[in-house]
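I opened the notebook to look up aromatic rings and where they sit. The entries below follow the order in which I checked things.

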Amino acid sequence: MKLFWITITGICIAAALVLLARQRLDAAFVVGTVGVVAWFLSYRVQMKRIIEANEQQTGVEDSNEDVDY
């Protein structure tokens with residue numbers, strides 16, 4: 001899944017650069033923003049895997065069910 005988001009990020013950034021070169025600033029901004037969101041999602045997938053691996057290694061699961069607010 002991480003490779004998917006990284007690929008989408010690269011495609012969006014390349015498309016944003018092409019649109020920027022053609023002076024389509026609004027479209028370049030939108031496509032660039034989609035690229036940044038895709039990068040964030042790839043980072044999120046990576047962090048989720050690291051957290052799951054850490055929980056499996058320690059055997060501790062973070063549960064907020066018993067927290068009173």
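The entries cover ring pairs first, then a surface patch.

**Entry 1, ring pairs.** I noted that this is a predicted model. I asked how many aromatic pairs the structure holds. I found 2 aromatic pairs.

**Entry 2, Phe4 and Trp5.** I looked up the ring centres of Phe4 and Trp5, which are 5.0 Å apart. Their planes stand at 70°, so I wrote this pair down as edge-to-face, since an angle over 60 degrees counts as such. I then checked how much of each residue is accessible. Phe4 has a relative accessible area of 44% and is partly exposed. Trp5 has 21% and is also partly exposed, because the cut-off for buried is under 20%.

**Entry 3, Trp39 and Tyr43.** Here the ring centres of Trp39 and Tyr43 are 5.7 Å apart. The planes are at 15°, so I entered the pair as stacked; the limit for that is under 30 degrees. Where do Trp39 and Tyr43 lie? I found both in helix α2, which runs over residues 25-58. They are 4 residues apart, about one turn of the helix. Trp39 is partly exposed at a relative accessible area of 45%, and Tyr43 is partly exposed at 39%.

**Entry 4, the patch.** I asked which residues make the nonpolar surface patch. I listed Ile6, Trp39, Phe40 and Tyr43, with a patch area of about 420 Å². Helix α2 gives the most to this patch, with 3 residues. Both members of the stacked pair, Trp39 and Tyr43, are therefore on my patch list too.

Terms used: Residues are numbered from 1 along each chain as its sequence is written. This is a predicted model: local features need pLDDT of at least 70, side-chain atom pairs count only at pLDDT 80 or more; totals for chains, interfaces and linings use all residues. Side-chain values use heavy atoms; hydrogens and water are left out. Rings of Phe, Tyr and Trp (its six-membered ring) pair if their centres lie within 6.5 Å; planes under 30 degrees apart count as stacked, over 60 as edge-to-face and the rest as tilted. Buried means under 20% relative accessible area, exposed over 50%, partly exposed in between (1.4 Å probe, protein chains only). Helices (H or I, at least four residues) and strands (E, at least two) are DSSP runs, numbered from the N terminus. Patches are made of residues with over 30% relative accessible area and no salt bridge: like charges are joined within 9 Å, nonpolar side chains (Val, Leu, Ile, Met, Phe, Trp, Tyr) within 5 Å. Accessible areas come from the Shrake-Rupley method with a 1.4 Å probe; for residues, only the protein chains shown count as cover. A salt bridge is a side-chain nitrogen of Lys or Arg within 4 Å of a carboxyl oxygen of Asp or Glu.
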